[in-house]
Structure formats: structure tokens, C-alpha cells
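Student: I have a structure open on my screen and would like to learn how to read it. Could you walk me through some of its features?

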Amino acid sequence: MKTAKLANTFRVDSDKHFRLKDFNPADTGHWHSKEHAEEALQQGIVRMAELQDKLYAQDRWALLMIFQAMDAAGKDGIIKHVMSGVNPQGCQVYSFKAPSDLELQHDFLWRTTRDLPERGHIGIFNRSYYEEVLVVRVHSGILKSQKTPPSLVSKKIWDERFEDIRGFERHMARSGTVIRKFFLNVSKKEHKQRFLARLEEPEKNWKFSASDIQERQYWDDYQKAYEDMIRNTATKHSPWYVVPADNKWFTRLVVSCVIVDTLESLDLSYPKVDDAKRRELAAAKKLLLKK
Ligand code: ATP
Ligand code: MG
């Protein structure tokens, strides 16, 4: 299957009909095993590296990838996989945890804005401003502890945040930052297995946090919040990908297809060498050969 086709299967770019339950977390397309997908996975990594090199050299576009998911859905693993092929010089990863005191002194987009990728670069957000319509929505106490003037916090707050996020992402798109957003869609059953593994396998113990189990009790609220988030913020220029996450190898394959497909669509090329540059290169060569 072509990368574009696989990427498009999980793409959501308009609000109309999106329902989370239409997407199967255990889907693996026509691949039946990790071994079966191995070659495609390797090709994806190689192609990604070639395209990133051009992105960097051309220095016009930036690519921002946003990952959102429940704990243990595989965000860290997928980021490691994406990073395995690219040149670290042109790629930065940022993780966003509960906001600091300084961050709470500002609007909710401020802290992520500081870390946006520059032209020619790939930026990866492990969580993002979308937490403001996820964890903050599921736990209403967090909204109260933020410092927005109370008269500005009404029932419309979530619609207003969606509108602001759409406006922000439109602005970024118009300035040359291409945004691709990934929701790693793990099933409740597989989620339980991953937590059990964290408890039972010594080398995974360090990943376990009791608070993650607490969050699991809010599973349905989170699912609703993810669905509403995607419905309200999926756009043509800044689509969501609802990536099946019960099989990690398939998650990796889909994400790498999306990245390759996105970079291919930018028509990247190395800067042209003009006559002046050619003369400069020839002069440098002459100088080098002299000694
Ligand atoms: P992760 O959980 O992403 O693998 P981690 O375990 O290293 O990373 P945590 O200390 O769990 O890091 O930090 C992530 C936590 O921060 C999540 O529970 C998330 O919901 C919370 N968080 C992120 N952004 C916000 C926000 N804007 N407001 C409140 N909580 C937030
Ligand atoms: Mg955590």
C-alpha cells in the first residue's frame, strides 16, 4: 500500500461526521505482523531522513508534530522511533507537563509557542496546548486553579478554546509551519495490559505511576474529551490522525507514513546553485588544490 493511502485512512480533517468509535484501536490494515511490516518501517525511516535533509537545506517550511494520548498509549516509543532516523540537529522534542507558576502567569498558548520549530526544523510536542481541552476539561478543579479572570470563564470556555486553537493553527499554517496531530487510539483492554506489564516486568517498573491508574477511572470522560477535541480542531491544514495504538509496530508504520507523505507534499528541494555560487565553489576548489 502506498504511504499516502495508509496515512489517509486515519486522517480526520473536517468536523462533520467524526466519531471515535468508528476507529478500531486494533486495526493493522493489511499487515498481519511486525515482521510483515518491517521492510515498510525501515523504508519509512530512510525516506524520512532524506526528506528532512532537504527540509533543513531549503529552510522555508517547519513541521510540527503533536502527540496526544492516554498514558501508556505509546507516545514515548513512537517519538523514539521517529527520532531514530532523523538528524538530531534539525529536530527537537518538547514534553509538556502540568504548567509551572510562571506558565500560569500567561495565556494557555504561551508556553508551547516558545518551543515552536524554526524554519527547516521538525518539532515534536509530547502533549501540548491540547491538554487545556483534555485534562483541564476532565478535572474541573484545574480550570479553577488557573488564573484567568473569573468573569472570562463561562460555559463557553471550551468552544472559545477550540476557536482560539483553530485561529492559532491557521496562523501557523499561513506562516509556513505545517502541523500534523496524532491521537494514539488505544483500547481500554490493551491499556490495562500495558499497566499490568509496568507492574510485573522489573524493567518497566520505573514507568509506573499510581496517578496514571487514577486517570484510568476517568476513561469515558477522556474519550469524550478527545472526540470533541478532534471534531472541533480537525482542519484541512491541520488534520488529526486517529492512529490505531493497540499494536505498537502499526502505530509506528502509520505515523512514519504520515510524516513521509506530509514532507513529500511540500515539494522540497535543495537550494539551486546560481552562477555566483558556482564561481565561488570553483575558486574554493582551486585554492584547495593549490596546497
Ligand atoms: P507522560 O505522562 O506524558 O508519559 P511523564 O509521566 O513523564 O510523561 P507527568 O509528570 O505524568 O510526565 O506529566 C504529564 C502530566 O501533566 C499529565 O498527567 C498531563 O495531563 C499533565 N498536564 C499537561 N499539561 C497540563 C495542563 N495544561 N494542565 C494541567 N495538567 C497538565
Ligand atoms: Mg505520566
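Student: Let me start with a loop residue. Which residues does S269 touch, not counting residues up to four places away in sequence?

Tutor: S269 touches K54 and Q58 once those sequence neighbours are set aside. Keep in mind that this is a predicted model. S269 itself lies in the loop between helix 12 and helix 13 (275-290).

Student: Is S269 buried or exposed?

Tutor: The general idea is to count the C-beta atoms around a residue: 12 or fewer within 10 Å makes it exposed, and 20 or more makes it buried. S269 has 9 other C-beta atoms within 10 Å, so it is exposed. For a sense of distance, the C-alpha atoms of S269 and I157 are separated by 43 Å, and the two residues are 112 apart along the chain.

Student: What can I learn from backbone angles in loops?

Tutor: Most residues other than glycine have a negative phi. That makes positive values worth a look. D267, in the loop between helix 12 and helix 13, has a positive phi near 55° and is not a glycine. With 9 other C-beta atoms within 10 Å, D267 is exposed.

Student: Where is D59 found, and what is its phi?

Tutor: D59 is found in the loop between helix 2 (34-58) and strand 2. Its phi is positive, about 60°, although D59 is not a glycine. D59 has 13 other C-beta atoms within 10 Å, so it counts as partly exposed.

Student: Let's move on to the sheet. What is the order of its strands?

Tutor: To read a sheet, list the strands as they lie side by side, then ask which way each pair runs. Here an open sheet of 6 strands has the order 1-6-5-2-4-3, and the pairing is mixed. Strand 1 (11-12) and strand 3 (91-95) are at the edges; each has a single partner strand, so one side of each lacks a neighbour in the sheet.

Student: How do the individual pairs run?

Tutor: Strand 1 and strand 6 (residues 240-244) run antiparallel and are joined by 2 bridges, with V12 opposite W240 in strand 6. Strand 5 and strand 6 pair in the parallel sense over 5 bridges. Strand 2 pairs with strand 5 (residues 177-185) over 7 bridges, also in the parallel sense, and 5 bridges join strand 2 to strand 4 (residues 122-126), again parallel.

Student: Which residues could I click on to see those pairings?

Tutor: Try F183 in strand 5. Q68 stands opposite F183, and the bridge partner of F183 in strand 6 is V242. On the strand 4 side, F67 has N126 as its bridge partner.

Student: How many residues of strand 2 are buried?

Tutor: For a strand, check the residues pointing each way separately. In strand 2 (residues 62-68), 7 of its 7 residues are buried. A62, L64, I66 and Q68 point one way, while L63, M65 and F67 point the other way. Strand 6 is mostly covered too, with 5 of its 5 residues buried: W240, V242 and P244 lie on one side, and Y241 and V243 on the other. Helix 3 (residues 75-83) lies across strand 2, strand 3, strand 4 and strand 5, at about 165° to strand 4.

Student: Which residues in the largest nonpolar core touch the most other members?

Tutor: In soluble globular proteins, nonpolar side chains tend to be buried together. The largest core here has 56 residues, and L63, F182, F183, L184, V243 and V254 touch the most other members. Helix 12 (residues 248-264) gives this core its largest share, 9 residues. Setting aside neighbours within four places in sequence, L63 is in contact with L55, P117, I122, V178, T262 and L263.

Student: One last feature. How many residues surround ligand 1, and which are the closest?

Tutor: For a ligand, list the shell first, then sort it by chemistry. Ligand 1 is surrounded by 14 residues, and the closest are D71, K97, A98, E131 and V135. The shell divides into 6 nonpolar, 2 polar and 6 charged residues.

Notes. Residues numbered from 1 in each chain as written. Chains lettered and ligands numbered in written order. Predicted model: local features only at pLDDT ≥ 70, side-chain atom pairs only at ≥ 80, totals over all residues. Helix = DSSP H or I, 4+ residues; strand = E, 2+ residues; numbered from the N terminus. Pairing = 2+ DSSP bridges. Near = placed C-beta within 6 Å. Nonpolar A, V, L, I, M, F, W, Y, C, P; charged D, E, K, R; others polar. Core = buried A, V, L, I, M, F, W, Y, C linked by C-beta atoms within 7 Å. Contact = placed C-beta atoms within 7 Å. Axes fitted to C-alpha atoms, helices over the stretch in contact; angles between N-to-C directions.
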